[in-house]
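The exercises that follow are meant to be worked through with the sequence and the model side by side. Try each task before reading its solution.

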Amino acid sequence: MKILLIAIEKNGLVDHPSLCALGGAKILCQKTSAELHILVMGKNSGEAAKKLKTVSGAKRFAAPDCGDCVAERWASALFPFIRDGGYKTVIAPATSEGRDFMPRLAALMDSGMVSDVCGFEGELFLRYAHAGNAIAKVAVNTPTALVTLRETSFEPPEIGEGAAEVEELTLKGDSLGSRVVERREHRTGRPPLGESKCVVGLGRGIKNQEGLKLAEEIADLMGAAIGGSRAAVDEGFIQNDLQIGQTGKNIAPKLYFAFGISGAIQHTAGIKDAKVIAAINKDPEAPIFSVADYGLVADFSAAAPVLLQKLKNL
Ligand SMILES: Cc1cc2nc3c(=O)[nH]c(=O)nc-3n(C[C@H](O)[C@H](O)[C@H](O)COP(=O)(O)OP(=O)(O)OC[C@H]3O[C@@H](n4cnc5c(N)ncnc54)[C@H](O)[C@@H]3O)c2cc1C
């Protein structure tokens with residue numbers, strides 16, 4: 001039995017969500033005694049695949065001709081390779097790219113697909129349902145199952161030294177008229193939200209620019225990433241790629257600070273894998289306190305300067 005991981009190259013390296021998917025793929029291979037193949041996609045995928053020393057025995061491929069992700073092109077290029085490869089499971093990270101090309105690939109293959117998988121149980125794929133309040137166990141009854149793995153549910157393996165052997169494939173797809181016009185990377189100067197060990201989450205309760213400044217100072221003193229609720233996006237406190245939750249990013253920091261966040265289920269769906277949650281909210285009944293490990297019932301504008309001073313003293 002063979003499992004294929006489709007990993008994604010960014011700036012010459014396999015990206016973090018793909019490394020987490022690699023961690024998940026290794027678990028599934030161990031459980032099912034399957035052989036692991038890794039196909040790195042992206043313009044510089046050959047270079048990135050060589051640096052992937054972690055998985056001894058795994059066959060490595062790269063598909064530089066497919067270029068960067070255009071879902072139509074990647075799906076049509078991958079289709080014959082996967083159909084002829086006899087793979088039982090095809091895994092990709094549940095990123096915007098994975099969420100884009102995998103369903104197209106599943107449709108071309110007429111295969112079952114499960115997205116945002118957070119674990120495995122025998123032949124079943126586990127995924128959160130009802131904004132994380134239940135776990136669905138999903139069976140796929142087509143010969144090949146396509147799955148995307150949730151970044152925060154799997155640990156990336158250690159990357160080794162040296163170069164590995166990589167077979168470069170000539171896969172060419174049809175982009176059906178779609179093309180990437182421009183890619184704009186939003187740089188915050190802070191750690192990436194999905195990878196940071198500490199995240200400061202902003203909600204509508206921080207109120208204004210003054211509150212935002214205080215929260216940013218706290219985040220910077222703690223070396224934390226900043227994210228927040230949809231309301232914080234609506235208020236213009238953060239850009240929408242920093243939204244945490246059901247329709248935003250999933251995060252798994254060691255410490256999550258929720259400042260003025262109510263704790264709606266659509267938000268808490270994205271912080272399920274946070275290890276410790278600390279919340280400041282002026283409403284003692286706010287739902288965030290039912291998931292928080294530490295809570296402070298206080299007005300943020302009064303509590304934040306005290307917290308800031310304490311951090312400065314440290
Ligand atoms: C389909 C769907 C998908 C969604 N996806 C997401 C998602 O991915 N992520 C997400 O976050 N939301 C999502 N939402 C929106 C979600 O339901 C909530 O509306 C949103 O999370 C609320 O954000 P908030 O807690 O910052 O704001 P509010 O609900 O306005 O809460 C503000 C909180 O701040 C507190 N507060 C007010 N003033 C102060 C003060 N001075 N000091 C301290 N505390 C104060 C209040 O007590 C309150 O608890 C989604 C909704 C839908 C319908």
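Two strands are said to pair if DSSP finds at least two bridges between them. The model used throughout these exercises is a predicted one.

**Exercise 1.** Determine which strands pair with β11, and in which sense they run.

*Solution.* Begin with strand β11 itself, which spans residues 198-202 and is mostly covered, since 4 of its 5 residues are buried. Next, look for a partner of β11: β13 pairs with β11 in the parallel sense over 5 bridges, and within this pairing L202 stands opposite F259 in β13. Then look for another partner, strand β12 (residues 225-228), which is joined to β11 over 4 bridges, again in the parallel sense; here V200 stands opposite I226.

**Exercise 2.** Follow the sheet onward from β13 and state which strands are met by way of β14.

*Solution.* Start at β13, which is joined to β14 by 5 bridges, the two strands running parallel. A pair of facing residues can be picked out in this pairing, with A258 opposite A279 of β14. Continue from β14 to strand β15 (residues 294-297), where 4 bridges make a pairing in the parallel sense, and where A278 has Y294 of β15 as its bridge partner.

**Exercise 3.** Trace the pairings of β6, β7 and β8, and find which residue in each hairpin takes a positive phi.

*Solution.* First take strand β6 (residues 112-121) and strand β7 (residues 124-129), which run antiparallel and are joined by 4 bridges; F120 has F125 of β7 as its bridge partner. The hairpin of β6 and β7 has 2 residues between the strands, and in this hairpin G122 takes a positive phi near 60°. Now move on to strand β8 (residues 134-138), which pairs with β7 in the antiparallel sense over 5 bridges, with R127 standing opposite A136 in β8. The hairpin of β7 and β8 has 4 residues between the strands, and in this hairpin H130 takes a positive phi near 50°.

**Exercise 4.** Work out why the buried residues of α9 line one face of the helix, and what they pack against.

*Solution.* Consider the dimensions of helix α9 (residues 300-313), whose 14 residues reach 20 Å from the first C-alpha to the last, close to the 20 Å expected at 1.5 Å a residue. In this helix F300, A304 and L307 are buried. Seen down the axis of α9, the buried residues fall within an arc of 70°, so they line one face of the helix. The other side of α9 carries the exposed residues A302, V306, Q309, K310, K312 and N313. Finally, the buried residues of α9 pack against α5 (209-222), β13 (255-259) and β14 (276-281).

**Exercise 5.** Describe the shell around the ligand, asking which element supplies the largest share of its residues.

*Solution.* The ligand is surrounded by 28 residues, of which the closest are G203, G205, S229, A231 and G245. Sorted by character, the residues of the shell divide into 8 nonpolar, 14 polar and 6 charged. When the shell is examined by element, α6 (230-234), α7 (265-268), β14 and α9 each supply at least two residues, and the largest share, 3 residues, comes from α6. Two elements from the earlier exercises therefore return here by the shell's listing, namely β14 and α9.

Terms used:
Residues are numbered from 1 along each chain as its sequence is written. This is a predicted model: local features need pLDDT of at least 70, side-chain atom pairs count only at pLDDT 80 or more; totals for chains, interfaces and linings use all residues. The expected span of a helix is 1.5 Å times one less than its number of residues. A residue is buried if 20 or more other C-beta atoms lie within 10 Å of its own, exposed if 12 or fewer, and partly exposed in between; C-beta atoms are placed from the backbone. The arc is that of the directions from the helix axis to the C-beta atoms. Two residues are in contact if their C-beta atoms, placed from the backbone, lie within 7 Å. A residue is near a molecule or strand if its C-beta atom, placed from the backbone, lies within 6 Å of it. Ala, Val, Leu, Ile, Met, Phe, Trp, Tyr, Cys and Pro count as nonpolar, Asp, Glu, Lys and Arg as charged, and the others, Gly among them, as polar.
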